[in-house]
Amino acid sequence: MSAGLLERSRIVAPADWNRWLVPPAALAVHLAIGQVYAWSVFKPPLEDELGLSGTLSALPFQLGIVMLGLSAAVAGTVVERRGPRWAMAVSTLCFSAGFLISSLGVAVGQYWLVVFGYGVVGGIGLGIGYISPVSTLIKWFPDRPGMATGIAIMGFGGGALIASPWSVRMLDAFGSDSRGIALTFLVHGLVYAVFMSLGVLLVRVPPDGWQPAGWRPPTSGRSMVTSANVSARNALRTPQFWLLWVILCCNVTAGIGILEKAAPMIADFFASSSTPVSATAAAGFVALLSLTNMAGRFIWSSTSDIVGRRNIYRLYLGGGALLYLGISLLGASGVPVFVICAMLILSFYGGGFSTAPAYLKDLFGSYQVGAIHGRLLTAWSVAGVLGPLIVNAVADSQEASGAQGPDLYSASLYAMIGLLVVGFVANELIRPVAPRFHEPEVAR
């Protein structure tokens, strides 16, 4: 694909372009990079074949999430300037190359190549791919930015639902030895390259000044919605950005804490009850949480277009704190109570991701919202380490002291409540961005 074909000027849509073709382009990328949530499928065979510990086998995933946040933050402004086709092409190249390098690493028995390929190279593809369609979707759907970003980011949450069974079937067909794992990685790299290229070719940006037919920017109404624009550099100087950083970090920490430990947590809660949860049922519970995580990304983000971003985050944070309290006080009383609370928490976790770009657009305008979103995702990198660390460290400590069942998690549940309360307060402190941070009219 030539460099000229990737230029932003080559993808300005004609007047009759159907804007509903843009969400499928975004989904082609997000469904692919969402495979990262299915990494656990490869952990057991890698541990068996390469003699790895559980900690080492998780390293490519952990590094990939860290690189997602870092690459999104560093490359955000370049992505805005070069446009979505360039960004999607770079994401495709890096994400697919990560699998190919990993395939070589397994084939020659060099695990560091898997860590470098999937974690570093693939992680860069994750970050650039994650933010690549955000500002484009918001420009195409200024009337429904929450719904538009929810569609794409829902794809990231649902990518594992495709990748997980597909990977299992390939490992069954090719074998779980080094050759089979290497072939599986190879097929992943090639197939994802083709699938993501569909998004590269399909994506378009609207002409300057384009608006949906019959829609006009609101001139009054919600005080949090601006008609001005703020650059990515200036956004970092505002308290609003850092309040949103705290909000996202707290919400993600609370959600990922339960997601990462979901299967052993539900098993421990009911191990001594009259209704113990089997390993199969626990696996089904994890799949159910993945579905609610995905659905929440679209449902709650779309709802935010109606009720407003601050109100929906009041639900995510305040409602999430009450649900964690419900698990702590009533979770052991019955499996249905535990499952319903956990499902809602994970739906809020997913919704928090997909509503964030629309919240940024409300506060900072659409000028460099993709770059601002990239910087905000560093909160995800922090939360991806913090959430599992809190839950696992507390559970290990409680187990060492002789605790069992729900007592293993009581302290970490209250820690999550505290974090969500902090996020709730941060959300209440957000005010419109001061005019001194706005871009002059000529720069828009």
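Note to self before starting: buried means under 20% relative accessible area, exposed over 50%, and partly exposed in between. I'm working on a predicted model.

**Entry 1, salt bridges overall.** I went through the charged pairs and found that the structure holds seven salt bridges. I looked up three of them in detail, plus one network.

**Entry 2, Arg-314 and Glu-428.** Arg-314 pairs with Glu-428 in a salt bridge, and their closest N and O atoms lie 2.7 Å apart. I checked where the partners sit: Arg-314 is in helix H15 (residues 309–330) and Glu-428 in helix H19 (residues 410–429), so this pair links distant parts of the chain, 114 residues apart. Buried or partly exposed, I wondered about Glu-428? Its relative accessibility is 24%, so Glu-428 counts as partly exposed. Arg-314 comes out at 29%, so I put Arg-314 down as partly exposed too.

**Entry 3, the network.** Next I looked for shared partners, and found Arg-19, Asp-143 and Arg-144 joined into one network by their salt bridges. Within it, I pulled up the bridge between Asp-143 and Arg-144, where the closest N and O atoms are 3.9 Å apart. I noted the cut-off here: a salt bridge needs the nitrogen within 4 Å of the carboxyl oxygen, so this pair counts. Asp-143 has 24% relative accessibility, which means partly exposed. Arg-144, at 32%, is also partly exposed.

**Entry 4, Asp-305 and Arg-309.** Last lookup: Asp-305 makes a salt bridge with Arg-309, with 2.8 Å between the closest N and O atoms. I checked accessibility for this pair as well, and both Asp-305 and Arg-309 are buried.

Technical notes: Residues are numbered from 1 along each chain as its sequence is written. This is a predicted model: local features need pLDDT of at least 70, side-chain atom pairs count only at pLDDT 80 or more; totals for chains, interfaces and linings use all residues. Side-chain values use heavy atoms; hydrogens and water are left out. A salt bridge is a side-chain nitrogen of Lys or Arg within 4 Å of a carboxyl oxygen of Asp or Glu. Buried means under 20% relative accessible area, exposed over 50%, partly exposed in between (1.4 Å probe, protein chains only). Helices (H or I, at least four residues) and strands (E, at least two) are DSSP runs, numbered from the N terminus.
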